[in-house]
Amino acid sequence: MSQILGIDVGGSGIKGALVDVETGEMITPRFRLDMPQPSTPAAAADIVQQIVKHFNYKGKIGIGFPAVVKQNVAKTAANIDKSWIDTNVATALGSGLNDCQLFVANDADIAGVAEMQHGRGKGVMGTVVFITIGTGLGSALFRDGKLIPNTEFGHIRLKEGIVGERYASSSAREKEALSWKKWGKRFNNYLEFIELYLQPDLILLGGGSSKYFEEFKSKITIQTPVEPAILQNGAGIVGAAMYAATLNS
Ligand code: BGC
């Protein structure tokens, strides 16, 4: 059995677990620590070190990171400290972890890959859009099961300069104290744009808020089938470990 540590870095918390990358299952409980504010590279590295120590782990680590990531380098920073831009995330988070090799990709891409291989997206052909609802809105786009990375659909402009994730993320819901129904209407409005531009065959929802799907599903009226992901919040960790498993340092 091949076990790899998967870590999901989010705007408000960092969580990790050991994953059996063959079955796509977490084999330990998740260990979560708050993301320090400001969420600088040094502050986040300290948290990642605590997570690695908690699992007493050596070896490959997969990291899902909430930004555009190219060759381990962060290119954007919407819900994290701006100093991440152009930082090599693997180097920054791996400082002090001499017995580990870190592999980094966008958090939603990584979670989407896990959901496509081990969850609701298994074997689904055509265009699938996976949206994670959390501090921000993350996206992963698949065509016949193949990922097109770094899509960033959480940042599409809806109207009059309103950015998708500022309007329909979990943090927008919390900040404006919206009921699930009121927020669901907004989220449906956001999905109308996804539908218009991408004409997907299926939309899957992941991230923390997706487990409340029953609370807002009556407000989702677009034509495209919309379903909650099966792996839900675990997908970020499982996908991160799967990502590391496929790469060599
Ligand atoms: C970031 C994305 C990320 C998403 C979810 C957005 O603000 O721009 O890269 O996938 O949040 O964390």
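Biologist: How much area does the chain expose, and what share of it do carbon and sulfur atoms supply?
Modeller: The chain exposes about 11100 Å², and carbon and sulfur atoms supply 49% of that area; accessible areas here come from the Shrake-Rupley method with a 1.4 Å probe, and for residues only the protein chains shown count as cover. This is a predicted model, in which local features need pLDDT of at least 70 and side-chain atom pairs count only at pLDDT 80 or more, while totals for chains, interfaces and linings use all residues. Residues are numbered from 1 along each chain as its sequence is written, and side-chain values use heavy atoms, with hydrogens and water left out.

Biologist: And what percentage of the residues of the chain count as buried?
Modeller: Of its 249 residues, 57% count as buried, where buried means under 20% relative accessible area, exposed means over 50%, and partly exposed lies in between (1.4 Å probe, protein chains only).

Biologist: How many helices and strands does the chain have?
Modeller: There are eight helices and 13 strands, both taken as DSSP runs numbered from the N terminus (helices are H or I with at least four residues, strands are E with at least two). The radius of gyration is 17 Å, close to the 18 Å that the globule rule gives for 249 residues, so the chain is as compact as a globular protein of that length. That radius is taken over C-alpha atoms, and the rule is 2.2 Å times the number of residues to the power 0.38.

Biologist: How is the chain divided into domains?
Modeller: Domain 1 covers 3-109 + 235-245 and domain 2 covers 121-229, with bounds from an automatic or database domain assignment. Their C-alpha centres lie 23 Å apart, and eleven residues of domain 1 are in contact with 14 residues of domain 2, contact meaning heavy atoms within 4.5 Å.

Biologist: Switching topic, how many aromatic pairs does the structure hold?
Modeller: The structure holds eleven aromatic pairs. Rings of Phe, Tyr and Trp (its six-membered ring) pair if their centres lie within 6.5 Å, and planes under 30 degrees apart count as stacked, over 60 as edge-to-face and the rest as tilted. In the pair of Trp-180 and Trp-183, which is edge-to-face, the centres are 5.7 Å apart and the planes stand at 90°.

Biologist: Where in the chain are Trp-180 and Trp-183?
Modeller: They belong to helix α6 (residues 180-198), and because they are three residues apart there, about one helical turn separates them. Both Trp-180 and Trp-183 are buried, and ring pairs link them with Phe-187, Tyr-190, Tyr-212, Phe-213 and Phe-216 into a cluster.

Biologist: Which charged end sits over the ring of Trp-180?
Modeller: That is Arg-173, whose charged end sits 3.9 Å from the centre of the Trp-180 ring. A charge counts as sitting over a ring if NZ of Lys or CZ of Arg is within 6 Å of the ring centre and within 35 degrees of the ring normal.

Biologist: What about Val-48, buried or exposed?
Modeller: Val-48, which is in helix α1 (residues 41-55), is buried with a relative accessible area of 0%. Not counting residues up to four places away in sequence, Val-48 touches Ile-7, Ile-14, Leu-93 and Leu-97.

Biologist: And where is Ser-218?
Modeller: Ser-218 is in the loop between α7 (213-216) and β13 (226-228), and at 49% relative accessibility it counts as partly exposed.
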